[in-house]
Amino acid sequence: MILIKNGRLVDPLSKRDEVVDIVIEKDKIKEIGKNLNPDGFEYVIDATGCVVAPGLIDIHVHFRDPGFTYKEDIFSGAKAAAKGGFTTVVCMANTKPVVDNEETLKYILDKGKESDINVLQVSTVTKGLKGKELVDFDEMFKAGAVGFSDDGIPIKHTKLVYEAMKKAKELNVPISLHEENPVFIKKAGVNDGKVSKELGLEGGATSLAENIMVSRDVMIALETGAKVNIQHISSKEAVKTVKFAKSLGANVYAEASPHHFTLNEEAVLKHGSLAKMNPPLRTEEDRLAIIEGLKDDTIEIIATDHAPHSKEEKENEFTKCPSGITGLETSLGLGIKTLVNGGHLDLMHLLEKMTINPAKLYNLDRGYIKEGGFADIVIFNPDEKWEVKDFESKATNTPFIGEVLDGKIKYTICEGKVVYEG
């Protein structure tokens, strides 16, 4: 048994914010109280001065297994997640082979069960990433897929999206969509604007590419009643469009990545390919609009879009290197530094977007702390600063190397097991 002593419990579901002791027995929380006797416990954690919160949930990660394990496998990804305070992740399906069949899905889920955390998996929407035929939704759901996504290759065929949403509605599972129409992208990974011009690139990824897709898909969501998640939202117009769709009654969610609410396109000039991502970092006006969307809950979820790549790949010429950055190990720190200490969200609101809200989207019985619930817990000191330098991930492709962030993670506990101690 584990006893957590004198920690500040911050639980977004119950809205509890108080100093308590917590008893963990096996994989569940047995008791929450005060001044509990530490005698007889195998493990006593002194959480004085620390926040005790539900284990973080990331619904948008790329563990490159199968097919690209030199970048990240399930075990290294799980260790990176645990170091970042995450106890549950949802993996995207653009592996090799892609997750459009029961065999690949089972491989990932079985391997995930051997890792330190809860590794969940979505299926592709179509057979193959560029497919023109829907995957067997019933088969993949029955085999364990928690949802469906086109992440990486947006679906251009509108009728296909409509049929997919109708099927997802029947199963009560979410569809998470990468919203970029390639017709309006000349050079991926950088915003079409002053920075792309300064770099000598003939164009970039215009926000129109995102805005068109978001507009289409939220209207289809409204028509079908499907639960739809707009992934890594990056433009001010897309934020307004999601807000409008919600006002009409669409069951639309939106997620923002820490890099999009922390950085703008100027970071590409400083960090080069380490700040190359899809969708790209946009203008300061866009960044501030994302923060406003987080504040008013137009954007309910923070998700990393953890996208590991090798050093050799990222050191290639800008137009030839892959897009994406690692994000699991810096997500909470960036949220606290940029949003909480920046005066935009309080800690309860931040944690809501990293725990119970993503759990609700994917119908997970996680993301909260109460007696009888799973002992998925992160313990961190919100006032302790730490430098981004050492990684559990196989990859280090992030523009935040060397940055000093807030919120040092002390322990991550997944189903009653200490999986990280820092």
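Please begin by selecting Asp286, which at 4% relative accessibility counts as buried; buried here means under 20% relative accessible area, exposed means over 50%, and partly exposed lies in between, with a 1.4 Å probe and protein chains only. The model on display is predicted: local features need pLDDT of at least 70, side-chain atom pairs count only at pLDDT 80 or more, and totals for chains, interfaces and linings use all residues. Residues are numbered from 1 along each chain as its sequence is written, and side-chain values use heavy atoms, with hydrogens and water left out.

**Helix α10**

Asp286 has its place in helix α10; helices (H or I, at least four residues) and strands (E, at least two) are DSSP runs, numbered from the N terminus. Show the surroundings of Asp286 next: residues up to four places away in sequence aside, Asp286 touches Ser234, Ser235, Lys236 and Glu237, where contact means heavy atoms within 4.5 Å.

Move along to Ile291, also found in helix α10. Ile291 counts as buried, at 2% relative accessibility. Its contacts, neighbours within four places in sequence left aside, are Phe261, Leu339 and His344. Add His260 to the selection: Ile291 and His260 are 31 residues apart in sequence, and their C-alpha atoms lie 9.2 Å apart in space.

**Two cis peptide bonds**

Now turn to the backbone. Most residues other than glycine have a negative phi, and most peptide bonds are trans. Select Asn278 and Pro279, which are joined by a cis peptide bond with omega of about -10 degrees. Pro279 lies in the loop between α9 (266-271) and α10 (284-295). Then select Asp65 and Pro66, where a cis peptide bond has omega of about 10 degrees. Pro66 is in the loop between β6 and α1 (74-83).

**Strand β6 and Lys83**

From Pro66, step to strand β6 (residues 56-61): 6 of its 6 residues are buried, so this strand is largely enclosed by the rest of the structure. Strand β7 (residues 86-91) runs parallel to β6, and 4 bridges join them; two strands pair if DSSP finds at least two bridges between them. To view one position, select Leu56, which stands opposite Phe86 in β7.

Lys83 is the next stop, in helix α1. Is Lys83 buried or exposed? Lys83 is buried, with a relative accessible area of 19%. Around Lys83, not counting residues up to four places away in sequence, the residues touched are Glu329, Asp390, Phe391, Glu392, Ile409 and Tyr420.

**The open sheet**

Colour the strands of the open sheet of 6 strands, whose order is β9-β10-β11-β12-β13-β14, with parallel pairing. At the edges stand β9 (123-124) and β14 (301-302), each with a single partner strand, so one side of each has no neighbour in the sheet. Within this sheet, strand β10 (residues 148-149) runs parallel to β11 and is joined to β11 by 2 bridges. Phe148 has Ile175 in β11 as its bridge partner. Helix α4 packs on the sheet, touching β10, β11 and β12 (228-230), and the direction of α4 makes about 140 degrees with that of β11.

**Helices α4 and α6**

Keep α4 (residues 158-171) selected and add helix α6 (residues 207-224): their axes come within 10 Å and cross at roughly 40 degrees. That makes α4 oblique to α6. Axes are lines fitted to C-alpha atoms, for helices over the stretch in contact, and angles run from 0 to 180 degrees between N-to-C directions. Angles under 35 degrees count as roughly parallel, over 145 as roughly antiparallel, 65 to 115 as roughly perpendicular and the rest as oblique.

Which residues of α4 and α6 meet? Thr158, Val161, Tyr162, Met165, Lys166 and Lys169 in α4 meet Arg216, Asp217, Ile220, Ala221, Glu223 and Thr224 in α6.

**Two asparagines with positive phi**

Follow the chain past α4 to Asn172, in the loop between α4 and β11 (175-177). Phi of Asn172 is positive, near 55 degrees, in a residue other than glycine. Asn172 counts as partly exposed, at 48% relative accessibility.

The last selection is Asn363, found in the loop between α14 (356-361) and β15 (377-387). Asn363 is not a glycine, yet its phi is positive, at about 60 degrees. With 41% relative accessibility, Asn363 counts as partly exposed.
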